Amino acid sequence: MSSLFAFLHHIAAFTLISALVVECVLLREAVTVSAARKILTTDAIFGVSAGIILVIGLIRVFYFEKGAGYYFSNGPFLVKLTLFALIGCLSIYPTKQFLSWRPATKTGQAPAIGSGTLRKLRTTIYLEMTAAVFLILCAALMARGVGSF
């Protein structure tokens with residue numbers, strides 16, 4: 001059972017990273033109706049993946065693997081958890097922006113996005129991706145037992 005939960009946790013994590021990359025690529029050019037719809041779908045996948053990661057991750061911490069005592073006394077795990085929360089907080093701005101595009105996309109129009117807003121969306125997603133890289137580093141360190149108090 002532990003292996004199944006580890007597998008699901010990793011699949012959700014890879015899906016989340018993939019969603020960030022897709023959003024980044026789709027925001028490189030002017031946002032068309034088609035691109036906006038794809039971004040809305042991708043952001044929903046990102047959100048579902050994050051929820052799955054959180055739920056399965058907590059199940060793994062409390063019911064499988066090394067136990068909550070180990071994880072909550074492990075520096076890289078605490079940093080990993082903090083980075084996950086940071087990514088979640090950063091994702092609020094893009095999600096709100098993307099959701100504001102729904103009325104336009106439902107009528108077949110491209111959303112009106114100012115250059116400043118587009119720049120801020122790109123920057124936020126780059127920050128999320130950067131935090132994710134460090135999160136993965138922390139996961140590798142944690143898995144090797146580095147940083148236990």
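## Reading helix packing and a pocket

Analyst: Let's open with a crossing: helix H1 passes helix H2 in a left-handed way. Keep in mind that this is a predicted model.

User: Okay. At what angle do the axes of H1 and H2 cross, and within what distance do they come?

Analyst: The two axes cross at roughly 155° and come within 8 Å. To turn an angle into a word, you need a cut-off: over 145 degrees counts as roughly antiparallel. H1 is therefore roughly antiparallel to H2. As for what sits in that contact, there are 19 nonpolar, six polar and four charged residues.

User: Let me step back to the fold. How many helices and strands does the protein chain have?

Analyst: Seven helices and zero strands. Written along the sequence, the pattern is α-α-α-α-α-α-α. For the overall extent, take the principal axes: the C-alpha atoms fill a box of roughly 55 × 30 × 20 Å.

User: Back to H1, then. How do I read its packing with H7, and what is the angle there?

Analyst: Same routine: angle, distance, then handedness. H1 covers residues 2-26 and H7 covers residues 115-143; they pack at about 150°, and their axes lie 10 Å apart. So H1 and H7 are roughly antiparallel to each other. Their crossing is left-handed.

User: Which residues in H1 meet which in H7?

Analyst: On the H1 side look for Ile17, Leu20, Val21, Glu23 and Cys24; on the H7 side, for Ile125, Tyr126, Glu128, Met129 and Ala132. Sorted by class, that contact holds eight nonpolar, no polar and two charged residues.

User: And what about H2 with H5: at what angle do they pack?

Analyst: About 140°, with the axes 10 Å apart; H5 is residues 92-100. Here the cut-off matters: an angle has to be over 145 degrees to count as roughly antiparallel. H2 is therefore oblique to H5. The crossing of H2 and H5 is left-handed. In H2, Ile39, Leu40 and Asp43 meet Thr95, Phe98 and Leu99 of H5. That contact has four nonpolar, one polar and one charged residue.

User: How would I find empty space, and what is the volume of the largest pocket?

Analyst: The idea is to roll a probe the size of a water molecule over the atoms, which shows where empty space is left. In this structure the largest pocket has a volume of about 710 Å³.

User: Which residues lie nearest the centre of that pocket?

Analyst: His9, Arg60, Lys80, Leu135 and Ala139, out of 27 lining residues. By class, the lining is made of 20 nonpolar, three polar and four charged residues.

User: Which helices supply at least two residues of that lining?

Analyst: H1, H2 (33-63), H3 (68-71), H4 (75-90) and H7 each do. So you meet H1 again: it packs with H7 at about 150°, and both of these helices supply residues to the lining of the largest pocket.

Definitions and conventions. Residues numbered from 1 in each chain as written. Predicted model: local features only at pLDDT ≥ 70, side-chain atom pairs only at ≥ 80, totals over all residues. Heavy atoms only, no water. Axes fitted to C-alpha atoms, helices over the stretch in contact; angles between N-to-C directions. Helix = DSSP H or I, 4+ residues; strand = E, 2+ residues; numbered from the N terminus. Parallel < 35°, antiparallel > 145°, perpendicular 65-115°, else oblique. Left-handed = near helix turned anticlockwise from the far one by under 90°. Contact = heavy atoms within 4.5 Å. Nonpolar A, V, L, I, M, F, W, Y, C, P; charged D, E, K, R; others polar. 1 Å grid on protein atoms, 1.4 Å probe; cavity = no way out; pocket = protein on both sides within 12 Å on 5 of 7 lines; lining within 4 Å. Points joined across faces, edges and corners; volume = space filled by probe spheres on them.
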